[in-house]
Amino acid sequence: MNSIQEILQNEVSAAISKLFDQSLDAAQVTIQETRKDFDGDLTVVVFPLLRYSKLSPEATGEKLGAFLEENCADVTGFNVVKGFLNLNISDTYWMKQLASIQADNAFGTFPSKPEKVVLEYCGPNTNKPLHFGHVRNMMIGFATANILSAYGHEVHKVNILNDRGIAICKSMLGWLKFADGETPESSGKKGDYLVAEYYVRFEKEYKAEVAAMEADGKTKEEAEANAPIMLEAREMLRKWEAGEETVRALWSKMNGWVYEGFNNTYEKIGVDFEKNYYESETYELGKAIVQEGLDKELFFKKDDGSTWVDLTEQKLDHKILLRSDGTSVYLTQDLGTAQERAKDFGLGEGDKSIYVVADEQNYHFKVLKH
């Protein structure tokens, strides 16, 4: 289907022949978008046509406009501003264009490129349901993946499930203490919402214990570090990392509830992932990378036994990699995940890993990059 610019060029050429008995190559007709402060969709630049019409710019524009309105079905009106003929294009033309685009499965696509792009989006924790921020990132990520694919890139859509750590242990401990065996089936609640309730319940109890300890004379820092329920959660995390069977079984059961809830949401929204990565499967890889960095003296330990990286030269300060008890943090997991993805998708020079995250995560990913 010819573009409207090509149609108008041919029609103006025919008008010059009919009205002024002159021959004009259609390619020499200048068509441009109408300025926003004028009425119209497209504009014919009249000045170069004056040598054919032997008339003023206004008179030439009026004659051409009347001819096009009468003889070109795609032109529904016109106005002349000095040497510019502004044309209104019919809705029928634009509808035909949209129908043509819809029928063309290859519209807007480019030839394949050698570059690979691994694009991560969503990244939820398994102690709470997906929230508006996740939905925003899913929309941006899914749209970006489609755009990059259309542009010819080999795109791999992935998700990271933050399925372990102290926050997950809080929801697990909250359920153990306060749920009385409640399940999604027994309550009729969506699994991710049910688990979130017990994370919230944990935090409520934790704050109450901290307040009571402060009332007994403890400082806020002492109370937050030594509240009994928090000590239990940290002990649960240590047991999880040690592979303690009952803790792992509870973790698997509650995460299963959450994944079912997540999948229901993904299906409703219409997004998908080629592969899910799990922090529980990559954090050990990250810990191995940290140990390698220690061996090479790229990282250092503080007096309390925690492991850090010094990025002050990059103006990123110090960043913790392992807590004093040896448990990992998000950055540890991200190191392992990045390494695993490079292997899974054969990423090489020129390939890219893109993370769709909120602005609040910018510092974290600057640290990861360095």
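This is a chat about salt bridges, a helix and a few single residues in a predicted model.

Reader: Where do I start? How many salt bridges are there?

Author: The count comes to 17 salt bridges.

Reader: Give me one. What does K157 pair with?

Author: K157 forms a salt bridge with D272. Their closest N and O atoms are 2.6 Å apart.

Reader: Where do K157 and D272 sit in the chain?

Author: K157 is in strand β6, residues 154-161. D272 is in the loop between α11 (245-269) and β7 (275-278). The two are 115 residues apart, so the pair links distant parts of the chain.

Reader: Is K157 buried or exposed?

Author: K157 counts as buried, because its relative accessibility is 16% and the cut-off for buried is under 20%. D272 is partly exposed, at 39%.

Reader: Next pair. What about E279 and R164?

Author: Their side chains meet in a salt bridge, 2.9 Å from N to O. E279 lies in helix α12 (residues 279-295), and R164 in the loop between β6 and α6 (166-178). These parts are 115 residues apart in sequence, so the pair ties them together.

Reader: Are E279 and R164 buried or exposed?

Author: Both are buried.

Reader: Which residues share a network with them?

Author: E241 and K287. Salt bridges link R164, E241, E279 and K287 in a network.

Reader: And K275? What is its partner?

Author: D344, with the closest N and O atoms 2.8 Å apart. K275 lies in strand β7 and D344 in helix α13 (residues 330-345), so parts 69 residues apart in sequence are tied together. K275 is partly exposed at 32% relative accessibility. D344 is partly exposed at 32% too.

Reader: Switching topic. What is the span of helix α5?

Author: Helix α5 covers residues 132-150, and its end C-alpha atoms are 27 Å apart. That agrees with the expected span, because 19 residues at 1.5 Å a residue should give 27 Å.

Reader: Which residues of α5 are buried?

Author: G133, H134, N137, M138, G141, A145 and L148.

Reader: Why do they line one face?

Author: Seen down the axis of α5, they fall within an arc of 130°, so they line one face of the helix. In general, an α-helix has 3.6 residues a turn, so residues three or four places apart point the same way.

Reader: What covers that buried side?

Author: The cover includes β5 (116-120), β6, α11 and β11 (352-355).

Reader: What is on the face turned away?

Author: The exposed residues F132 and I147 are there.

Reader: What follows α5?

Author: G152, with a positive phi near 105°.

Reader: Which residues other than glycine have a positive phi?

Author: Among them are K54, near 60°, and C122, near 95°. Most residues other than glycine have a negative phi.

Reader: Where are K54 and C122?

Author: K54 is in the loop between α2 (50-53) and α3 (57-71). C122 lies in the loop between β5 and α5. K54 is exposed, at 65% relative accessible area, whereas C122 is buried, at 6%.

Reader: Last one. What makes up the nonpolar surface patch?

Author: M95, L98, I101 and F107 make a patch of about 410 Å². L98 is in helix α4, residues 91-103. L98 counts as exposed, because its relative accessibility is 53% and exposed means over 50%.

How values were computed:
Residues numbered from 1 in each chain as written. Predicted model: local features only at pLDDT ≥ 70, side-chain atom pairs only at ≥ 80, totals over all residues. Heavy atoms only, no water. Patch = residues over 30% accessible without salt bridge, like charges linked within 9 Å, V, L, I, M, F, W, Y side chains within 5 Å. Areas by Shrake-Rupley, 256 points an atom, 1.4 Å probe, with all protein chains shown as cover. Salt bridge = Lys/Arg side-chain N within 4 Å of Asp/Glu carboxyl O. Helix = DSSP H or I, 4+ residues; strand = E, 2+ residues; numbered from the N terminus. Buried < 20%, exposed > 50% of the residue type's maximum accessible area, 1.4 Å probe, protein only. Expected span 1.5 Å × (residues − 1). Arc of directions from axis to C-beta. Contact = heavy atoms within 4.5 Å.
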